[in-house]
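Please consider the sequence and model displayed below. The report that accompanies them is arranged by topic.

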Amino acid sequence: MAREIKTVAVVGAGVIGAGWAARCLHRGIDVVVTDVSADAERGMREVVSNAEPALNQLSLAPRKEKGTLTFTTNLVEAVSKADFVQENAPEREDLKRNLLAEISKHAAPDVIIASSSSGLLPSIIQADCIHPERVLIGHPFNPVYLLPLVEVLGGEKTGAQFIEDAMAFYSSIGMKPLKVRKEIEGYISDRLQEALWREALHMVADGVATTDEIDQAVIYGPGLRWAFMGTCLTFHLAGGEQGMRHMLEQFGPALELPWTKLKAPELTDQLIDRMVEGTQQQAEGYSIRDLEQLRDNCLVSIMQSLRSFNYASGKVLKEDDEKQYEETTGSIEWAPGDDLSQPLSLHSDKVHPEWVDYNNHMTESRYLQVFGDASDALFRYVGVNADYHANGNSYYTVETHINNILEVAVHEPLKVTTQLMGVDDKRLHFYHRMFNARDNSLLATAEQMVLHVDMNAGKACPAKPHILKTLNVIMEAHNKLPEPEKLSRQMMVPPAKK
């Protein structure tokens, strides 16, 4: 990117603007939110706070320090200090056109101005801007802080490099930018959603189905497939071994049947009442914030599940985790001359609020998480990084022994040291110590054995020569260190004396 993005101005503090703020803050970016109404700050901060639990569960990577959040009703103050501007005003062409023109007067000439418009043509809303070449569409999906898709398209005056820079920025905050190749109202996803929405309105208006029945028809059927395979690939599978061609030959004639009514129905008072009554019944017993958290928890669960298959939104999540690991600890790589006279110090963190149990101390599963992160830091230190994984090689854990020594409270700083205990061509044996970084007290230890694996073949194999060379250099130095007290400790209850 031509400009490092340290501060983002979010113009408009509604649901979408608050979602952008939550996502950017979580990635360590400072956010200035501006809105014409001072009352908008309360709702914005509620959404940001409500997003925290889901964001903390979504990624497995070590976290950066969160960015700072400020609010102002002064548009000029917000955009003049920004490295990137994301506008989120109501979907009215005249309003957005005037607002973008005003933003362009005060944002630096090289600062991208992106509109969260869900359907307006960028050529029209950029028409009155100064330096219109940096004005484009960055259309997200709610909740912005979880869903990775952002549609990116420029107008007639948008520069190609600004589009590429916007996509690079969105990628850097864990999103999946989709470049829309042709300027068209509604872009891609909203046109698809609109078709389904119009059919739903027709069915409610005609008394065919209630809002709940329509949602059930999606939730328990095609919606599950759409989460990872979309429409086209799903229908390709419907054609069997002959794929899409057979599917179209078999079901194509149905396109001539009057199954759908794409023209929107008239929004009569009766239809509005049916839609309102139906959705109120569906939401009975839940507040909006309750439903937001339910939605977020379900989305996190689906995306984490897809992550294990390295597919669809799960693939985006996995790749983003890799990038975050590289950003937080990946810069520490072995080099000749490194001090190996002590155990390696490669990973640090803190006890996050959601890591603690009812006693306000870190729960036991988080000890394993911290040690796992320390193991990953060791791997990257010796060269087992994203490129190494992309070539089908990795280390898999086969055994872990954890000794819990002291409790540690919320917000306490943590550091982990790592001592190599044994290396051969396929196996790596090492020992972690976790300390409270504030007073250097020993909190826990973990002994691990890992096995080098060819992920494509699904079996153990020798590590690559450059990895083994680095490990053996470290091992030679660590052989001189004292043996850890709890090394290979056996867990047992001594037999009772006879």
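The sections below proceed from the whole chain to its sheets and then to one loop residue.

## Overall character of the chain

The structure is a predicted model. The chain comprises 498 residues, of which 44% count as buried. Its secondary structure consists of 17 helices and 14 strands. Along the principal axes, the C-alpha atoms fill a box of roughly 85 × 55 × 45 Å.

Among contacts between residues at least 6 apart in sequence, 73% join residues that are at least 24 apart. The chain exposes about 26600 Å², and carbon and sulfur atoms supply 54% of this area. There are 49 positive and 69 negative side chains, and the centres of these two sets lie 4 Å apart.

## The eight-stranded sheet

In general, the strands of a sheet pair through backbone hydrogen bonds, in either a parallel or an antiparallel arrangement. In this chain, eight strands form an open sheet with mixed pairing, in the order E3-E2-E1-E4-E5-E6-E7-E8. The edges are occupied by strand E3 (69-72) and strand E8 (176-179); each has a single partner strand, so one side of each is left without a neighbour in the sheet. From one strand to the next, the twist averages 25°.

Within this order, E6 and E7 offer a pairing that can be followed residue by residue. Strand E6 (residues 135-139) is antiparallel to strand E7 (residues 149-154), and four bridges connect the two. Glycine 138 stands opposite valine 152 of E7.

## Strand E13 and its partners

Strand E13 covers residues 441-454 and is mostly covered, with 10 of its 14 residues buried. Its pairing with strand E10 (residues 393-404) is antiparallel and extends over 11 bridges. In that pairing, glutamate 399 has methionine 449 of E13 as its bridge partner. E13 also runs antiparallel to E12, to which 10 bridges join it. Here arginine 433 is matched with threonine 445 of E13 as its bridge partner. The hairpin of E12 and E13 has four residues between the strands, and asparagine 440 takes a positive phi near 65° in this hairpin.

Another antiparallel partner of E13 is strand E14 (residues 459-460), paired with E13 over two bridges. Valine 453 has alanine 460 of E14 as its bridge partner. Four residues also lie between the strands in the hairpin of E13 and E14, where glycine 458 takes a positive phi near 70°.

## Aspartate 425 and its surroundings

Aspartate 425 is located in the loop between strand E11 (413-423) and strand E12 (427-436). Is this residue buried, exposed or partly exposed? Its relative accessibility is 37%, and the class of partly exposed lies between the limits of 20% and 50%. Aspartate 425 therefore counts as partly exposed.

Which residues does aspartate 425 touch, when those up to four places away in sequence are not counted? They are Cys461, Pro462, Ala463 and Leu468. A further relation across the sequence involves leucine 471: this residue and aspartate 425 are 46 residues apart along the chain, and their C-alpha atoms are separated by 10.0 Å.

Conventions. Residues numbered from 1 in each chain as written. Predicted model: local features only at pLDDT ≥ 70, side-chain atom pairs only at ≥ 80, totals over all residues. Heavy atoms only, no water. Pairing = 2+ DSSP bridges. Axes fitted to C-alpha atoms, helices over the stretch in contact; angles between N-to-C directions. Buried < 20%, exposed > 50% of the residue type's maximum accessible area, 1.4 Å probe, protein only. Contact = heavy atoms within 4.5 Å. Areas by Shrake-Rupley, 256 points an atom, 1.4 Å probe, with all protein chains shown as cover. Lys, Arg positive; Asp, Glu negative; His and termini not counted. Charge placed at Lys NZ, Arg CZ, Asp CG, Glu CD.
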